[in-house]
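Trainee: I should like to go through the terms used for this structure and ask, in each case, what justifies them. May we begin once the structure is in view?

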Amino acid sequence: KLHSDLDKGVGTVKYTLSGDGAGTVFTIDETTGDIHAIRSLDREEKPFYTLRAQAVDVDTKKPLEPESEFIIKVQDINDNEPKFLDGPYVASVPEMSPVGAYVLQVKATDADDPTYGNSARVVYSILQGQPYFSIDPKTGVIRTALPNMDREVKEQYQVLIQAKDMGGQLGGLAGTTTVNITLTDVNDNPPRFPKSIFHLKVPESSRIGSAIGRIRAVDPDFGKNAEIEYNIVPGDGGNLFDIATDENTQEGIIKLKKPLDFETKKAYTFKVEASNLHLDHRFHSVGPFKDTATVKINVLDMDEPPVFSKPVYTMEVYEDTPVGTIIGAVTAQDLDAGSSSVRYFIDWKNDVDSYFTIDATEGTIATNELLDRESTAQYNFSIIASKVSNPLLTSKVNVIINVLDVNEFPPEISVPYETAVCENAKPGQVIQTVTAADKDLSPAGQRFSFRLSAEASNKPNFTVHDYRNNTAGIETRRNGYSRRQQELYFLPVVIEDSSYPVQTSTNTMTIRVCRCDSDGTILSCNVEAIFLPVGLSTGALIAILLCIVILLVIVVLYVALRKQKKKGTLMTSKEDIRDNVIHYDDEGGGEEDTQAFDIGALRNPKVIEDNKIRRDIKPDSSRFPRQRPPVEDNTDIRDFINQRLQENDVDPTAPPYDSLATYAYEGNGSVAESLSSIDSLTTEADQDYDYLSDWGPRFKILADMFGEEESYNPDKVT
């Protein structure tokens, strides 16, 4: 209520209200000054309002007093329940945790005024989840309430938490939330085999490394706490097997480490131990975290291939051993209960295997061809053994045969030597050191001896000095040698080995006499150099000879070309009166070249071939004299050519030089028809060649030739 001291109660004062909520939340009686709330208030929405009030004169509308400000505070009541803003909650705690182990802290929020009364004082309690868990009423901390909670018994728990205001008193408002609690696993359980004995059956033909069975120990724990390691306890038969853990199923996979043989041992028994990899020291007192079971393996008998007595057979044989000689044998047995006979044969892969044969029943190996160590020193092939009762069951073994050497090749000089001796050599001078080689496989300590042959030992030219270390020296025996007397000496050297049987060979060495300087340096070894000047070297001689050869070749080529050119023409131009008709050596310059020959001689394309007589001989002008009738102007060329043809046709010795088939003739298909006057009905003087000028530049030459009558000169054809 507002009231002014100037208000006498006669209605002359008017009250006004402004500020927060004026007119919307609060209103004022203008006459009495009473303030009323026109709607419900919510402290949680707005806890207070600031308003301004003033008293004014009703008539003048002027303020009677200054404007005054006041605050309306909304008083709280318990109209909001506690709320869990983060719920529902998820928590976990390790299994087997002690009582009071911390799990989670929950928190509820009350929108009421915490400074006024107990409207915002919250108390926590558990409505569902006892007796496993407890909660602190004030802090909301959840803890375990029972010891040794086992995950393997129960893993999930759902706890219902209540938060109530007013300190939990009657009439207070409450809110709830759910907490899902999971017990996490710890390694509190050892692995256990479901049975104490495992029986397995394994074929004796199982491959090494193959899995032959599985066993499994059960661990109720989870994750890495359930990981199991299997080990074979040392004992009977355990060394033939191995065991590994399947990471997906935690099973123990038993694998074969060594081959099984039913005929040797039919059953094996050993123990397998299963233990956890990750142990928890808090549970050591529970007992050992491992378990043991017995595994019994029965070996099943299988039909197996024969077994060779050795993994590899090595034999030796001398080369040149007679064909059919037995050099060794292989042996294979059927170790199955019902023993079967074995058959042997060679695994043919190439032609080398054909050098040997094997007895199918006994397994003896013999030579099938003569062997040569120098060609092949070792043979390597395979022998296959199969059971008679089951030929599909086979086994294979490698056989190595070393061919032993027989001393069959004599030693020879290792390399061809080019030996030279100076003309001024002194007696006892070593001019060459020689070595020997033997194609045979030389044994340790092999010695080669050198000597001159019997016929050469008496000659006073050279001798052989054996150094007794498989080398020898060729020494001179005389003082000086002459190239003029003898340029080459042939020295037979006998080389002998020390093997059995002893082999010898005679090797002829060629010794060339050379001219040397005073220091023994060779200057020349050719006989021709004796007769040449001293200052002329070998290179200069070769250059001179090469120049002479080139000059001779040039002269020969020139003479040959001249002869060929003369043969090409049987008659010279002076003897051939028809030179201007067909005989010319110029290719010509094309249609623009009018100076090379007279085209008037080629105007008749058709040849009258009468009296065809073979003419293979050059005509004899003395026997058949020819007359040259004068050719008058405007004489028809056809008559001239026919006259010449007739003269030659009756001459049996004249070759066919007048064949006009090679004349360059345009042909009958030309648009301009024939340009020749031979077939024309009129004389050349009657022809009009002016139209050639209208045919363009290509026919300019013809137009110039035939356009004027004086352009044609018949004297050119004689």
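**Reasons behind the labels**

Mentor: Let us start with Pro88, which sits in the loop between strand S5 (68-73) and strand S6 (89-94). Please keep in mind that the model is predicted.

Trainee: What makes the peptide bond from Gly87 to Pro88 cis or trans?

Mentor: Omega for that bond is near -5°, and the bond is cis. A cis peptide bond also joins Gln130 and Pro131, with omega about 10°. Pro131 belongs to the loop between S8 and S9.

Trainee: What is noted about phi of Lys61?

Mentor: Its value is positive, near 65°, in a residue other than glycine. Lys61 is placed in the loop between strand S4 (48-57) and S5. Its relative accessibility is 54%, and exposed means over 50%, so Lys61 counts as exposed. Asn148, likewise not a glycine, has a positive phi of about 55°; Asn148 lies in the loop between strand S10 (141-144) and S11.

Trainee: How do you know that Cys422 and Cys516 form a disulfide?

Mentor: Their sulfur atoms are 2.1 Å apart. The cut-off is 2.5 Å, so the pair qualifies.

Trainee: Why is this disulfide of Cys422 and Cys516 called left-handed or right-handed?

Mentor: The torsion about its S-S bond is about -85°, so the disulfide is left-handed. Cys422 is in strand S30 (residues 419-422) and Cys516 in strand S36 (residues 504-516), so the bond ties together parts 94 residues apart in sequence.

Trainee: Is Cys422 called buried or exposed, and why?

Mentor: Buried means under 20% relative accessible area. Cys422 is at 10%, so it counts as buried. Cys516, with 11%, is buried by that rule.

Trainee: What justifies the label of disulfide for Cys514 and Cys525?

Mentor: The distance from S to S is 1.8 Å, and the requirement is a separation within 2.5 Å. The torsion about the S-S bond of Cys514 and Cys525 is about 105°, so this disulfide is right-handed. Cys514 is in strand S36 and Cys525 in the loop between strand S37 (522-524) and helix H1 (538-568), so the linked parts are eleven residues apart in sequence. Both Cys514 and Cys525 are buried. The count comes to two disulfides, and the pairing of the bonded cysteines, numbered in sequence order, is 1-3, 2-4.

Trainee: What makes Cys547 buried, partly exposed or exposed?

Mentor: Its relative accessible area is 48%. That value falls between the 20% and 50% limits, so Cys547 is partly exposed.

Trainee: How many aromatic pairs are counted?

Mentor: The count comes to 15 aromatic pairs. In one of them, Tyr132 and Tyr157, the ring centres are 4.9 Å apart and the planes are at 55°, so the pair is tilted; the tilted class lies between 30 and 60 degrees. Tyr132 is in the loop between strand S8 (123-128) and strand S9 (133-135), and Tyr157 in strand S11 (residues 156-164), so parts 25 residues apart in sequence are tied together. Tyr132 is partly exposed at 29% relative accessibility, whereas Tyr157 is buried at 8%.

Trainee: Why is the aromatic pair of Phe193 and Tyr230 called stacked, tilted or edge-to-face?

Mentor: The centres are 6.3 Å apart and the planes are at 50°, and the pair is tilted. Phe193 lies in the loop between strand S12 (174-184) and S13, and Tyr230 in strand S15, so the pair ties together parts 37 residues apart in sequence. Phe193 is buried at 9%, and Tyr230 is buried at 3%.

Trainee: Which residues of the largest nonpolar core touch the most other members?

Mentor: Of its 25 residues, they are Phe193, Phe241, Ile254, Val272, Val295 and Ile297. Among the elements giving two or more residues to this core are strand S13 (197-203), strand S18 (267-276) and strand S19 (290-300). The residues that Phe193 touches include Phe198, Ile215, Tyr230 and Val272.

Trainee: How do you know that the buried residues of H3 line one face of the helix?

Mentor: The buried residues are Ile637, Phe640, Ile641, Arg644, Leu645, Asn648 and Asp649. Seen down the axis of H3, they fall within an arc of 165°, so they line one face.

Methods: Residues are numbered from 1 along each chain as its sequence is written. This is a predicted model: local features need pLDDT of at least 70, side-chain atom pairs count only at pLDDT 80 or more; totals for chains, interfaces and linings use all residues. Side-chain values use heavy atoms; hydrogens and water are left out. A nonpolar core is a set of buried Ala, Val, Leu, Ile, Met, Phe, Trp, Tyr and Cys residues joined through side-chain atoms within 4.5 Å. Buried means under 20% relative accessible area, exposed over 50%, partly exposed in between (1.4 Å probe, protein chains only). Helices (H or I, at least four residues) and strands (E, at least two) are DSSP runs, numbered from the N terminus. Contact means heavy atoms within 4.5 Å. The arc is that of the directions from the helix axis to the C-beta atoms. Rings of Phe, Tyr and Trp (its six-membered ring) pair if their centres lie within 6.5 Å; planes under 30 degrees apart count as stacked, over 60 as edge-to-face and the rest as tilted. Lists of a residue's contacts leave out its neighbours within four places in sequence.
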